[in-house]
Amino acid sequence: MRRSRGPVEPGSIVDERSLTAVSGDQVAVPDPERLIHLQFRRFAGCPVCNLHLRSVVRRHREIEAAGVREVVVFHSPTEELAPHTTDLPFAVVADPARRLYAEFGVERSPRALLSPRAWGPIVRAVLSGARNVVRGREHLPSTSPHGGRLGLPADFLIAPDGRVLAAKYGEHVYDQWSVDELLELGALTGTRTIGRTAEGERQVVSDE
């Protein structure tokens with residue numbers, strides 16, 4: 001497995017950069033006017049990723065109204081991602097060299113698929129994905145996806161000044177913030193930095 005630089009903690013500062021989305025648009029991270037929800041997914045067409053992203057699509061207007069911009073990163077190349085992103089209303093970034101994954105400490109592990117907590121979502125995702133492929137709403141993933149199938153998800157909420165307000169490293173393939181959790185964090189982090197205890201509970205770790 002590729003070695004990472006370690007986890008990014010709440011309160012860390014993200015360097016300014018411009019990411020190129022699959023659409024060709026430039027995406028500023030951090031965004032000078034909005035919170036950024038930077039989420040790391042897996043490979044193009046990943047059924048479990050699609051299951052989660054459909055929930056984000058359904059509530060995208062609500063997310064935007066809360067002042068949050070979605071930026072989603074995959075470890076697939078642009079040419080593999082493009083057919084899967086045409087209907088997504090947010091920026092999708094290809095990172096086949098996993099540079100962003102390394103910078104943010106997002107790892108790969110067999111527990112992505114082997115955790116019993118992942119099995120239910122995997123079954124739902126495969127069944128739902130199969131229906132959507134038959135209906136022409138989704139495309140099948142590659143039989144040998146770039147970067148493999150053992151990626152773990154991660155979520156970061158980044159303020160306009162580059163501060164990481166909240167972070168979550170998934171322990172299995174479907175362990176990410178729900179839309180409700182994202183909106184709650186966005187409402188909580190006006191002037192505060194939110195962290196997590198060892199048990200996974202949110203806590204305020206600093207106030208301005």
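**Exercise 1.** Is Phe-156 buried or exposed?

*Solution.* In this predicted model, the relative accessible area of Phe-156 comes to 0%. The cut-off for a buried residue is under 20%, so Phe-156 counts as buried.

**Exercise 2.** Decide how far the coordinates can be trusted before reading side chains in detail.

*Solution.* Begin with the protein as a whole, for which the mean pLDDT is 82, with 73% of the residues reaching 70 or more. Then turn to residues 191-208, where the pLDDT is below 50, although this stretch has 45 contacts in the model beyond near neighbours in sequence. Where pLDDT is low, predicted coordinates should not be read in detail.

**Exercise 3.** Classify the ring pairs that Phe-40 forms with Tyr-101 and with Phe-156, and state which parts of the chain they link.

*Solution.* Step one is to place the task in context: the whole structure holds five aromatic pairs. For Phe-40 and Tyr-101, the ring centres are 4.9 Å apart and the planes meet at 70°; because planes over 60 degrees apart count as edge-to-face, this pair is edge-to-face. The pair links distant parts of the chain, since Phe-40 belongs to strand β3 (residues 35-40) and Tyr-101 to helix α4 (residues 99-103), 61 residues apart.

Step two takes Phe-40 with Phe-156, whose centres are 5.9 Å apart and whose planes stand at 85°, again an edge-to-face pair. Here Phe-40 in strand β3 meets Phe-156 in strand β6 (residues 154-158), so the pair ties together parts that are 116 residues apart in sequence.

Step three asks about exposure: Phe-40 has 0% relative accessibility and is therefore buried, and Tyr-101, at 2%, is buried as well. Finally, ring pairs join Phe-40, Tyr-101, Phe-104, Phe-156 and Tyr-169 into a cluster.

**Exercise 4.** Describe the surroundings and the backbone of Arg-98.

*Solution.* Locate the residue first: Arg-98 is in the loop between β5 (91-94) and α4. Its relative accessible area is 6%, so Arg-98 is buried. Arg-98 lies over the face of Tyr-101, at 4.5 Å from the ring centre. As for the backbone, phi of Arg-98 is near 60°, a positive value in a residue other than glycine.

**Exercise 5.** Which residues does a cis peptide bond join, and where does Pro-30 lie?

*Solution.* The cis bond joins Val-29 and Pro-30, with omega about 0°. Pro-30 is found in the loop between β2 (26-29) and β3. For comparison, most peptide bonds are trans, and most residues other than glycine have a negative phi.

Key: Residues numbered from 1 in each chain as written. Predicted model: local features only at pLDDT ≥ 70, side-chain atom pairs only at ≥ 80, totals over all residues. Heavy atoms only, no water. pLDDT = per-residue confidence, 0-100. Contact = heavy atoms within 4.5 Å. Phe/Tyr/Trp six-rings, centres within 6.5 Å; stacked < 30°, edge-to-face > 60°. Helix = DSSP H or I, 4+ residues; strand = E, 2+ residues; numbered from the N terminus. Buried < 20%, exposed > 50% of the residue type's maximum accessible area, 1.4 Å probe, protein only. Lys NZ or Arg CZ within 6 Å of the ring centre and 35° of its normal.
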